[in-house]
Amino acid sequence: MPLINAPRLSLGQWPTPLHELPRLTAALGGPRLFIKRDDLTGLALGGNKCRKLEYVLAEAQRQGVDALITTGAAQSNFALQMAAAGRKLGLESHLVLIKSLHAELQGNLLLHHLLDSKVTLLELADISQAFTVVPRKMEELAEELRRQGRKPLVIPAGATMPLGNAGWFSAAEEIGRQLEDQKIDLRAAVLACGSGGTQAGLALGVKKLGLPFQVVGISVFQKKEEARRVVADQASQTAKLFDLGESLDPEEVTVFDDYLGPGYGQPTGECLEAIRLMARTEAIYLDPVYTGKAMAGLIDLSRQGFFTSRDAVLFIHTGGVAADFAYQPELTGSGGGAQ
């Protein structure tokens, strides 16, 4: 019987593949690298948020919700996944997106256009307004829909909420089975840490199930101490919701913020090089916002000796490939970013 006892929709293709990366391993001289392909979930070009949405939208259906509202950056992977899931379920999606780098009609925004998502782009004077102006705008939109007789649901960015995090607790069970089947003695799983829910769910699952590997987050959004606090808090809230008898302290959370660069959505030279290296060794595409920075972190930690040639390390591919098309100037070296 699964430890997460909650309704769950079927939006993705499970289990996603877990396989070795021999050419990238050889290029780096170790560690022995594996990848978990959540870019192949099958929903809107794939991505890690599909697991969260299966729980969140099951509850939305139970409540009779007919419209979804969320936020994120202009090229938000989660916003696209939510809108695509909404279309599959017959729900209208409203996106209050923050105008940031590459807000042109390309990448995820182009795919929103095809879905006919209701997109509002906000230009903020300061990023701190993301925590004040944006929630207010979403609530105003929800209230407007209620006046029309609709029943909207406001979902936080990334579906980083106790119910959504359950998707990655369940992923820990899936990963554990795959490692056992393939007889892989894993040292660590490395992933991008943005809003923190994916790492929270995975780390909680690893702890609860007693899986013998470390979860390592590479921050793409916040400084290390804040990211650790958010991950621990989200994990503990999820454990409480499902009566798992666990909690997570910030001291138990591993996050590196050395690869953040100028800030969220701004790729570093190391990030762009990691994207090229993965493509040219394994023909797998990473993105400039999340997975490129996470892989840059994994590569540097390997070169520093944090991971050794004797270790087996799993890279969690959280999706986001559509953003590559918006970041064409940075990826081709034709201007607009670090080289």
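**Exercise 1. Find the partners of a strand.**
Start with Ala189: work out which residue is its bridge partner in β10.

*Solution.* Step 1: in β10, A189 has L314 as its bridge partner. Before going on, a word on what you're looking at: this is a predicted model, where local features need pLDDT of at least 70, side-chain atom pairs count only at pLDDT 80 or more, and totals for chains, interfaces and linings use all residues. Residues are numbered from 1 along each chain as its sequence is written, and side-chain values use heavy atoms, with hydrogens and water left out.

Step 2: get the words straight. Strands (E, at least two residues) and helices (H or I, at least four) are DSSP runs numbered from the N terminus, and two strands pair if DSSP finds at least two bridges between them.

Step 3: zoom out to the strands. β7 (residues 188-193) and β10 run parallel and are joined by three bridges.

Step 4: look at another partner of β10. Strand β2 (residues 32-37) pairs with β10 in the parallel sense, over six bridges. Here F34 is the residue standing opposite L314.

**Exercise 2. Buried or exposed?**
Decide how β10 (residues 312-317) sits in the structure, and then do the same for D300.

*Solution.* Step 1: set the cut-offs. Buried means under 20% relative accessible area, exposed means over 50%, and partly exposed is in between (1.4 Å probe, protein chains only).

Step 2: count along the strand. Six of the six residues of β10 are buried, so the strand is largely enclosed by the rest of the structure.

Step 3: check the two faces. A312, L314 and I316 point one way, V313, F315 and H317 point the other way, and all are buried.

Step 4: turn to D300, which you'll find in helix α10. Its relative accessible area is 27%, so D300 is partly exposed.

**Exercise 3. Size up a helix.**
Compare the reach of helix α6 (residues 162-182) with the span expected for it.

*Solution.* Step 1: α6 has 21 residues. The expected span is 1.5 Å times one less than the number of residues, and for α6 that comes to 30 Å.

Step 2: from its first C-alpha to its last, α6 reaches 31 Å, close to the expected value.

Step 3: ask how covered the helix is. Mostly covered, it turns out: 17 of the 21 residues of α6 are buried.

Step 4: see what comes next. K183 follows α6, and its phi is positive, near 55°.

**Exercise 4. Lay out a sheet.**
Put the strands of the four-stranded open sheet in order and pick out the edges.

*Solution.* Step 1: the order is β5-β4-β3-β6, with parallel pairing.

Step 2: the edge strands are β5 (118-122) and β6 (152-154), as each pairs on one side only.

Step 3: pick one pair to look at. β4 (residues 92-98) runs parallel to β5 and is joined to it by five bridges, and L97 has L121 as its bridge partner in β5.

**Exercise 5. Hunt for empty space.**
Describe the two largest pockets, then the largest cavity.

*Solution.* Step 1: know the rules. On a 1 Å grid over the protein atoms alone, a cavity is a set of points where a 1.4 Å probe fits but cannot get out; a pocket is an open set with protein on both sides within 12 Å along at least five of seven lines; lining residues have an atom within 4 Å of a point. Grid points are joined across faces, edges and corners, and a volume is the space filled by probe spheres set on the points.

Step 2: the largest pocket has a volume of about 1100 Å³. Its lining has 44 residues, and G72, F131, A157, S195 and F221 lie nearest its centre.

Step 3: the second largest pocket holds about 210 Å³. Helix α10 gives the most to its lining, with five residues, and D300 is one of the lining residues.

Step 4: for cavities, a search of the whole structure finds two of 30 Å³ or more. The largest has a volume of about 50 Å³, and its lining includes A44, N77 and G320. Helix α3 gives the most to this lining, with three residues.
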